[in-house]
Amino acid sequence: MDHDEVENNDGNLDQMYTLDEALAVVGFGRFQVLVLCYAGLGSIAEAMEVMILSFVGPAVKSQWELSSAQESLITTVVFAGMLVGAYSWGIISDNYGRRKGLLSVAIVTSISAFLSTFSPDYITLIILRVFVGVGLGGGPVYSTWFLEFVPAQKRGTWMVIFSTFWSVGTILEASLAWIIMPRLGWRWLLALSSIPSFAALILYGFVIESPRYLYMRGKMNDVYNILKKMAILNQTELPSGMLVSDRRPELDEEFAPEERIGLLSSGSNEVTFFKAGFSSVIMLFSSRLVKTTLLLWVVYFGNSFAYYGIILLTSEISSGQSECGPATLNSKISDDASLYRDVFLTSFAELPGLILSAIIVDFLGRKRSMALMYLFSFIFLLPLFFKPQHEFLTTGLLFGARMFVIGTFTIVGIYCPEIYPTAVRSTGYGVASAVGRIGGMICPLVAVQLVTGCHLVPALVFFDVVIALSGICVMLFPFETKGRKLTDTVAACNSS
C-alpha cells in the first residue's frame, strides 16, 4: 500500500498529506505576506533600537558629563540584555508557543524603550536599556515564526527578503536621527524610535500560532484550520484527503523524555520553566546536534564580531582616527549633522549584499553561498594591510567587506532555524544569537582600542582570522538545507 494512502473503515483508500506537502500546495501568497509584514515590523524595531546606540551615547555623555567608560556601558548593557533575552525567549517560544513568545517580546521591548525617554539619571537609563536589550533578544522568535509558514521552495529567497527589514530599520533610524537629534534631542529620538515596538504590540491580536509548532504538538485540527485560512487567503486549495503527522514514534522514543520534560510538569511555573529550559539546552548537545551547535556558535560569534567591527573600522578610518589621533569613536559633537548624514549613507552598503544573497542562496545553497561571501570579505580586507592612502579606495574596500559580511549574516540566519528541529528551533537559534552578542560586545575593544592605539594592521589581521575560521566552520556543517523539509524532532534530524 502506498505511504500516501490509508484504508478507511469501508475498505476504501483515502489520500493522506503532511504539513510540508500542504504548504507546498498552498504556496506563498497573501497570507505569508501578512506574516512577513508583522515579522518584518519586529525586525525593524530591533534594528532601530540597536542603531540608536550610535546617537544616544554621545548626546547623553555630553549632557550628563559622563566618562567614556560610562558611555560605552550604555551599549554594553543592551548587548548583555540581548544575550539573556535570546536564550529566554527561545525557551518560551519552543515550550509555550510562538505567539506567547512574540507577545512577551513586544511587551518588554515597547514599554522599556518608551520609559527610557523619561530617564531622570544615568542609572535609570542603564537599567531600562538592559530591559530593552532583553526584549531585543527576541529577534530570532520573529524569524523562526515567519520561517515556519514558508514552503520549502524558494524559502531561502524569502528569508533574505525578511532580512531586508533589518536594513530598512537601520536606514529609518539614521534618517530619524538626522532630523530629530539636531532639533529636539535624544529623548525625542528614543520616544519616536519605540513606535515600531508599540505597533508590534498593538497588532499582536492578528498573530496566528505557527502551524508547525502545533503540528509538532499533535494538534491536527488547529493546524488544519490554519491551513484552511491560508488556502482561502492565497486563493488556493488544500490537498485532498487527511492531514497526518509524519513523525515516526520509533525515532522519537529515545528523545521523548527530553522533549516532553517541562511540558508535562505538574509543579510550579518556575520549576516547569527551569525544566523546559534545561531540557531544550541539553537537546542542543545531543549526539545528533552537538557538532551543528558548536559550529553555529563559532559562525555567529564570527559574524557579529566581523559585522560590528567593520562598521567601527569604517567610522574610525573615515573620521581620520587611522592617523592615531587621541579621539575615540563617537567623539564628534552629537548635533553635528555630518555624523548623521555619514551613518545614513553607509547604511545603504548592506543593500547590495542582501540582493546578492537573495540571488545565490537558492542557487548555490546555504553552505556554498556563505563560504563564497566569507572568501570575498577576507579578500576585501587584505589590501588595507598596505594602508592605501586614497580615502575613496579605503572606504570602498570596507564597504565591500561589509556588503559580504551582511550576506553571511543573512544566510546563516536562514540556515540556523532550518537545520534545527521544531522542538528546539527557537532555543537553538536564540542561543546561537546570544553567542553572537558576545562577539558584538567584544569587537569594540579590538576595533576601537587597536586602531586608536596605532595598531590598524593587527586589528585587520584579527578580523581576517575570525572571518577565515568562520568560513572553515561553514564548510564543516553536516548538510545542506536548500530545498530540505523542516524537521520536527531531534531524532529526525539526520534521518531525511
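Me: In this predicted model, partly exposed means a relative accessible area between the buried limit of under 20% and the exposed limit of over 50%. Is Phe198 buried, partly exposed or exposed?
Reply: The relative accessibility of Phe198 is 28%. Buried needs under 20% and exposed over 50%. Phe198 therefore counts as partly exposed.

Me: Which residue forms an aromatic pair with Phe198?
Reply: The pair is edge-to-face, with 85° between the planes. Its centres lie 5.7 Å apart. One ring sits in helix α10 (residues 195–202) and the other in helix α5, 84 residues apart. The partner of Phe198 is Phe114.

Me: What is the accessible area of the nonpolar surface patch with Phe114?
Reply: Phe114 lies in helix α5 (residues 98–115). Its relative accessibility is 32%, so Phe114 counts as partly exposed. Ile107, Ile111, Leu115 and Phe118 join Phe114 in the patch. Together they have about 430 Å².

Me: Which helix gives the most residues to the largest nonpolar core?
Reply: This core holds 125 residues. Tyr142, Leu227 and Leu296 touch the most other members. The top contributor gives 13 residues: helix α20 (residues 391–419).

Me: Which residues form a ring cluster with Tyr142?
Reply: Beyond its neighbours within four places in sequence, Tyr142 is in contact with residues including Tyr38 and Phe162. Ring pairs build the cluster. Besides Tyr142, the members are Phe31, Tyr38, Trp145 and Phe149.

Me: How many aromatic pairs does a search of the whole structure find?
Reply: Rings pair if their centres lie within 6.5 Å. The search finds 18.

Technical notes: Residues are numbered from 1 along each chain as its sequence is written. This is a predicted model: local features need pLDDT of at least 70, side-chain atom pairs count only at pLDDT 80 or more; totals for chains, interfaces and linings use all residues. Side-chain values use heavy atoms; hydrogens and water are left out. A nonpolar core is a set of buried Ala, Val, Leu, Ile, Met, Phe, Trp, Tyr and Cys residues joined through side-chain atoms within 4.5 Å. Buried means under 20% relative accessible area, exposed over 50%, partly exposed in between (1.4 Å probe, protein chains only). Helices (H or I, at least four residues) and strands (E, at least two) are DSSP runs, numbered from the N terminus. Contact means heavy atoms within 4.5 Å. Patches are made of residues with over 30% relative accessible area and no salt bridge: like charges are joined within 9 Å, nonpolar side chains (Val, Leu, Ile, Met, Phe, Trp, Tyr) within 5 Å. Accessible areas come from the Shrake-Rupley method with a 1.4 Å probe; for residues, only the protein chains shown count as cover. A salt bridge is a side-chain nitrogen of Lys or Arg within 4 Å of a carboxyl oxygen of Asp or Glu. Rings of Phe, Tyr and Trp (its six-membered ring) pair if their centres lie within 6.5 Å; planes under 30 degrees apart count as stacked, over 60 as edge-to-face and the rest as tilted.
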